[in-house]
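This report describes a protein model together with its bound ligand. It begins at the ligand and then turns to the sheets and the helices that pack on them.

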Amino acid sequence: MSAVATSPAATHAPLLDVRNLSKSFGENRSLLQLATGKPARVLQAVRNVSLAVRPGETLGVVGESGCGKSTLGRCIAGLYDPSAGEVLWQGKPLSAIGDRKAASRQIQMIFQDPYSSLNPRMSVEQTLEEVLKAHGLVEGGKARSERVEELLLTVGLPPRLKDRLPHALSGGQRQRVSIARALAVEPQLIVADEPVSALDASVQAQIINLFEELRDKFGIAFIFIAHDLNVVRHISHRIAVMYLGEVVELAEADALFDAPRHPYTKALLSAIPFPDPDRRTAAAGLEGELPDPLNPPAGCSFSTRCAWVEEACRARRPDLEQYSEGHLVRCRRMYEIA
Ligand SMILES: Nc1ncnc2c1ncn2[C@@H]1O[C@H](COP(=O)(O)OP(=O)(O)OP(=O)(O)O)[C@@H](O)[C@H]1O
Ligand SMILES: [Mg+2]
């Protein structure tokens with residue numbers, strides 16, 4: 001049975017509370033643009049996102065390339081400062097947590113490409129020992145090497161691999177090392193940014209199983225970022241769907257799959273080949289290109305690609321509103337569309 005049925009109860013206070021978070025980037029202007037004095041345009045990579053994660057909960061975040069998933073993840077992990085809004089960690093603003101090192105211990109980030117996030121000249125053991133030393137976690141060489149072994153076993157790697165350099169490991173093994181490195185500091189939340197996108201399908205499933213094991217064993221909460229709804233379905237208690245920097249739908253995983261209300265979610269789902277033809281939705285597939293993020297549509301950001309668009313959709317940007325308990329949708333036609 002997947003863990004979806006046993007969602008960590010809403011009785012828990014949130015571990016992480018993201019409130020109206022926005023992150024903008026200035027445009028990289030060419031010399032010509034600088035010379036002609038054109039004002040720099042601002043790209044809103046994340047627009048007014050609010051979401052919470054409870055202890056032990058896995059929140060999936062999905063959406064097409066460029067919709068702001070990584071930028072949101074980096075703001076949450078404290079790697080970017082938000083342009084507006086705030087990230088509360090256990091009720092306190094992340095920016096106000098004086099000891100950044102202590103804060104960074106509790107929120108760890110894992111990236112798509114472990115090859116670029118691991119030092120190519122450091123063995124697996126050195127990589128893990130470095131983290132333990134940096135955080136003053138385990139004193140003494142013997143205790144440290146025991147802890148390294150324990151971490152490797154926890155992520156399903158044989159300790160004999162500890163002397164290997166990253167290039168002598170497979171993609172899946174490298175990702176396990178980066179997971180071990182994150183675990184070394186005993187985090188409460190792991191932001192995993194497309195952690196399986198670069199891996200073969202069979203290895204993807206193994207790594208996703210590992211995340212589930214870690215959640216069950218250590219009660220770690222996860223934000224699991226992916227392009228593909230299928231990847232996050234079984235691991236996520238709740239799923240947030242992003243489009244052009246905004247959350248357009250947020251719901252329990254089952255509700256999102258069984259009764260999606262946003263046309264974009266429906267389009268994403270209709271692209272998923274279900275083994276059971278009765279599960280196929282009649283939604284129009286996803287057509288057209290993502291709008292230029294430097295020049296987003298007026299009104300609803302999905303209006304340029306939406307099969308249900310009406311004039312009013314282009315006139316005013318819809319708010320994220322409650323459709324039912326725990327199910328939020330940013331669409332003014334959420335009750336009408338089938
Ligand atoms: N450092 C940056 N400077 C300028 N623009 C950026 C920067 N990082 C991201 N962007 C822009 O912000 C938007 C969101 O990017 P982001 O990487 O967060 O999307 P994503 O959903 O993670 O995409 P992908 O699925 O390709 O990883 C994109 O338009 C991107 O070009
Ligand atoms: Mg990304």
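How far does a polar side-chain atom of serine 65 lie from an oxygen atom of ligand 1? In this predicted model, the separation between the polar side-chain atom of serine 65 and the ligand oxygen is 2.5 Å. Two further side chains place an N or O atom opposite an oxygen atom of ligand 1, namely glutamate 194 and histidine 227, and the three distances are set out below.

| Residue | Distance from its polar side-chain atom to an oxygen atom of ligand 1 |
|---|---|
| Serine 65 | 2.5 Å |
| Glutamate 194 | 3.4 Å |
| Histidine 227 | 3.1 Å |

Taken on its own, ligand 1 has 640 Å² of accessible area, of which the protein covers 66%. The elements that contribute two or more residues to the shell around the ligand are β2 and α2, and α2 gives the most, with three residues. There are 15 residues around ligand 1, and those that come nearest are Ser65, Gly66, Lys69, Ser70 and Thr71. Sorted by class, the shell consists of six nonpolar, six polar and three charged residues.

**The four-stranded sheet**

Both of these elements also belong to the surroundings of an open sheet, whose four strands follow the order β2-β1-β4-β5 with antiparallel pairing. Because β2 (42-53) and β5 (92-93) each have a single partner strand, they stand at the edges, and one side of each is left without a neighbour in the sheet. Within the sheet, β1 (residues 16-26) and β4 (residues 84-89) are joined in the antiparallel sense by five bridges, and valine 18 has valine 87 of β4 as its bridge partner. Helix α2 (residues 69-76) packs on this sheet, where it touches β1, β2 and β4, and its direction makes about 120° with that of β1.

**The eight-stranded sheet**

A further open sheet is built from eight strands in the order β6-β7-β8-β3-β9-β10-β12-β11, and its pairing is mixed. Its edge strands, β6 (107-110) and β11 (321-324), each pair on one side only, while neighbouring strands of the sheet are turned by 20° against each other on average, direction ignored. At one end of the order, β11 runs antiparallel to β12 (residues 327-329) and is joined to it by three bridges, with glutamate 321 standing opposite valine 329 in β12. Elsewhere, helix α11 (residues 263-270) lies across β9 (238-243) and β10 (246-252), running at about 105° to β9.

How values were computed: Residues numbered from 1 in each chain as written. Chains lettered and ligands numbered in written order. Predicted model: local features only at pLDDT ≥ 70, side-chain atom pairs only at ≥ 80, totals over all residues. Heavy atoms only, no water. Pairing = 2+ DSSP bridges. Contact = heavy atoms within 4.5 Å. Axes fitted to C-alpha atoms, helices over the stretch in contact; angles between N-to-C directions. Near = heavy atom within 4 Å. Polar contact = N/O pair within 3.5 Å; in protein donor to acceptor, adjacent residues only side chain to side chain. Areas by Shrake-Rupley, 256 points an atom, 1.4 Å probe, with all protein chains shown as cover. Nonpolar A, V, L, I, M, F, W, Y, C, P; charged D, E, K, R; others polar.
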